[in-house]
Amino acid sequence: MNQVVSIATEGQIAIITIDNPPVNALSQAVRSGLLECVNEAVSDRNIHAIILICTGRTFIAGADISEFGQPPLEPFLPDVLETLDNCSKPIIAAMHGTALGGGLETALACRYRIALDSARIGLPEVTLGLIPGAGGTQRLPRIAGLASALDLITSGRHVAAKEALRMGVLDQITTQEDLLAAAMDFARQMLAAGDSRQRISATRLEDSSENRAILADWETRLRKKARGQESPLVALESIKNAVRLPFAEGLEKERELFMACMGSAQSRALRHIFFAERAAAKLPASIADAPADIHSAAIIGGGTMGRGIAMCFANINIPVKVIETDQDRLAQALEAIERTYRKMTVQGRINEDQQRRRMALVTGSCEHASLAQTDLVIEAAFENLEVKRSIFGSLDRHCKADAILATNTSYLDIEAIASAVSEPSRVLGMHFFSPAHIMKLLEVVRTPQTSAGAISTMMKLGKALGKRTVLVGNGFGFAANRMYSAYGREGQQILLEGVTPAHLDQAMKNWGMAMGPAAVLDMSGIDIGYNARQQNPHPPDDPCYFRPADLLAEHGYLGRKSGRGFYRYDPNTGQASEDLEIIELIRGDARRLGVDQRDLPEHDIQQRMIRAIATEGEAILAEGIAGKRSDLDVIWVNGYGFPRWRGGPMHYATEMGWL
Ligand code: 3H9
């Protein structure tokens, strides 16, 4: 027994309790305490069953990630779990919160598992570049069958208790609030009926043709999906061992594969981004303040962004009003929101009841006077400083004094917008990314005048909205768009040097980006960036600056929406194909500008593109627009499809020794 694990007895039942806040991670103290307590219960002749339960917000949420990368300390988790698995007395894991990774593996080594119906379970190791390393790949297939184990382990997804019960991972779920009482009932009934269950390690998985077919099918699917990430395929290798090797050998191989993953660059990167995302949500003490609750919101402008933002609020049960300039536009906006919700219902992403409830929270108006009691107003109107200043002037007159006024501008000067308001301390940026109801990233943009209270409130709200929220400062393009612009600029320079859009895009996709930069411009509309550049008060003195994109915009080739951009789009199928005329147009301009033409190898393209981001990132940090390097990684991974397993551009640049 130690400070984090304790044992008590009630009749014939021992209760082992883990109390290691915040998430009961399996630190060395927990592992050794657990081992000691189990041994104590085994040596007590009066004890016939053992309950394993946790205090606080959750059952064990996994191994202690902060210990990773350091020399492992005994007792090792697989050995502790072998003791649980071989225990002469049945152990019942009683789970609440999130039983994840090593936490679920601990439960799998127990003879029985019960959970609150609100609990969630999962083996998220692949999301950290690892595989389950304490028997998960050997025990879960034996308990839940191959298909469910492959699904959970290679995706890392968390599943609700009900689904876990269906999979056979849980023996019982309870709606009783007192989990310990439910576990005691379960233990007593089990003892009365007699414990007939075999140890997991003593069970076998058939090396049958059916199981081999499941594995082969999964391998084909994973190879298509992995896009450069290694750990799901390593996990698959380990799961195969559950079929072809005896338990002990499978366990030994799992440990070897786990240790190899632990030393990999991908796991370092994924662990970095795990902690970076949590660090981004924390405010420096100098600006942390008690956050207020937001009970109502309004969005000025029912365009694509405004609609998406409105849905973000309805999705978390906050009433939201869409403000438009006339009834027709308003009706269009509300219909579009309803259409999106209907589509989500058809796709099975929400049910009909959720669709109805969410839609009921979305209302509309054409009057700013209707915002008198609204807690938060987000302006998502046309990107024009004067338009926005006039909206904020009106909001200043109509909104209550403590309402927070935010703008969704992507690059305009927020201080200039705030100066239209009598109290600029309540003005800040809430920069969502399109489509706003789907994209994970949210930039909260502070000006020197924004109050600590407004910042804290928006950072808390960002988390509630399910966004990865990063605090940044005011400056053209803030942090995200400014870095993306540096990446785009390098891509445009590479195009001027004679690389084709398809070659550039393929190079970046092969590197792991979700889309290539030219295809992204075509999708979002080449005129968007063009118009923003026209409004940049300090454009660089460089005739090559975004020249290919500007050239296309000047010719009216705006991307997908005009059927032609960096690619040509089939009007019937939307299929993109190389456009030799466009390539020649760009090359002609390059000749005019005296840019040498050359053939760049893929690796050089990739390194130049990432270096450009990292260099801009350093400038952003030096200017105080962002607080931490790791915040910039959070931005790229959640906003621009940067491969998570590369940890973000700043992490990559650090590993490469560029910074
Ligand atoms: C594993 O288990 C390997 C095994 O197979 C084999 C071993 C041999 N360790 O996210 P939150 C901290 S791999 C250390 O803000 P939430 C976190 O940093 C592991 N610390 O709360 C934060 O600290 P701080 C498999 C951890 O309610 C605080 O807890 N497990 C760990 O939004 C609160 O976290 C996972 O991958 C940890 N394992 O979400 C689970 N987990 O306050 C990873 C959390 O100082 N964890 N912390 O910033 C999660 O997914 C979420 O944290 C969880 C709670 C859902 C649990």
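**Close-up views of a predicted model**

**View A. Meet Glu-383 and the residues it touches.** Leaving aside residues up to four places away in sequence, Glu-383 is in contact with Lys-388, Thr-409, Ser-410, Tyr-411, Leu-412 and Gln-535. Keep in mind as you look around that this is a predicted model. To find Glu-383, look in the loop that runs between β13 (376-379) and α15 (385-398). Glu-383 counts as buried because its relative accessible area is 19%, and the cut-off for buried is under 20%.

**View B. Polar partners of the Glu-383 side chain.** Let us stay with Glu-383 a little longer. Its side chain makes a polar contact of 3.0 Å with the side chain of Lys-388. A polar atom of the Glu-383 side chain also lies 2.8 Å from the backbone nitrogen of Ser-410.

**View C. Polar atoms beside the ligand.** Here we move to the ligand. The side chain of Arg-57 has an N or O atom 2.6 Å from an oxygen atom of the ligand. From the backbone, an N or O atom of Ile-65 is 2.9 Å from a ligand nitrogen atom, and one of Gly-102 is 2.7 Å from a ligand oxygen atom. On its own the ligand would expose 1,000 Å², and the protein buries 77% of that area.

**View D. The shell around the ligand.** Now for the wider surroundings: 28 residues surround the ligand, with Arg-57, Glu-105, Glu-125, Arg-278 and Lys-282 the closest. By class, 15 residues of the shell are nonpolar, five are polar and eight are charged. The largest share, three residues, is provided by α11.

Methods: Residues numbered from 1 in each chain as written. Predicted model: local features only at pLDDT ≥ 70, side-chain atom pairs only at ≥ 80, totals over all residues. Heavy atoms only, no water. Helix = DSSP H or I, 4+ residues; strand = E, 2+ residues; numbered from the N terminus. Buried < 20%, exposed > 50% of the residue type's maximum accessible area, 1.4 Å probe, protein only. Polar contact = N/O pair within 3.5 Å; in protein donor to acceptor, adjacent residues only side chain to side chain. Contact = heavy atoms within 4.5 Å. Near = heavy atom within 4 Å. Areas by Shrake-Rupley, 256 points an atom, 1.4 Å probe, with all protein chains shown as cover. Nonpolar A, V, L, I, M, F, W, Y, C, P; charged D, E, K, R; others polar.
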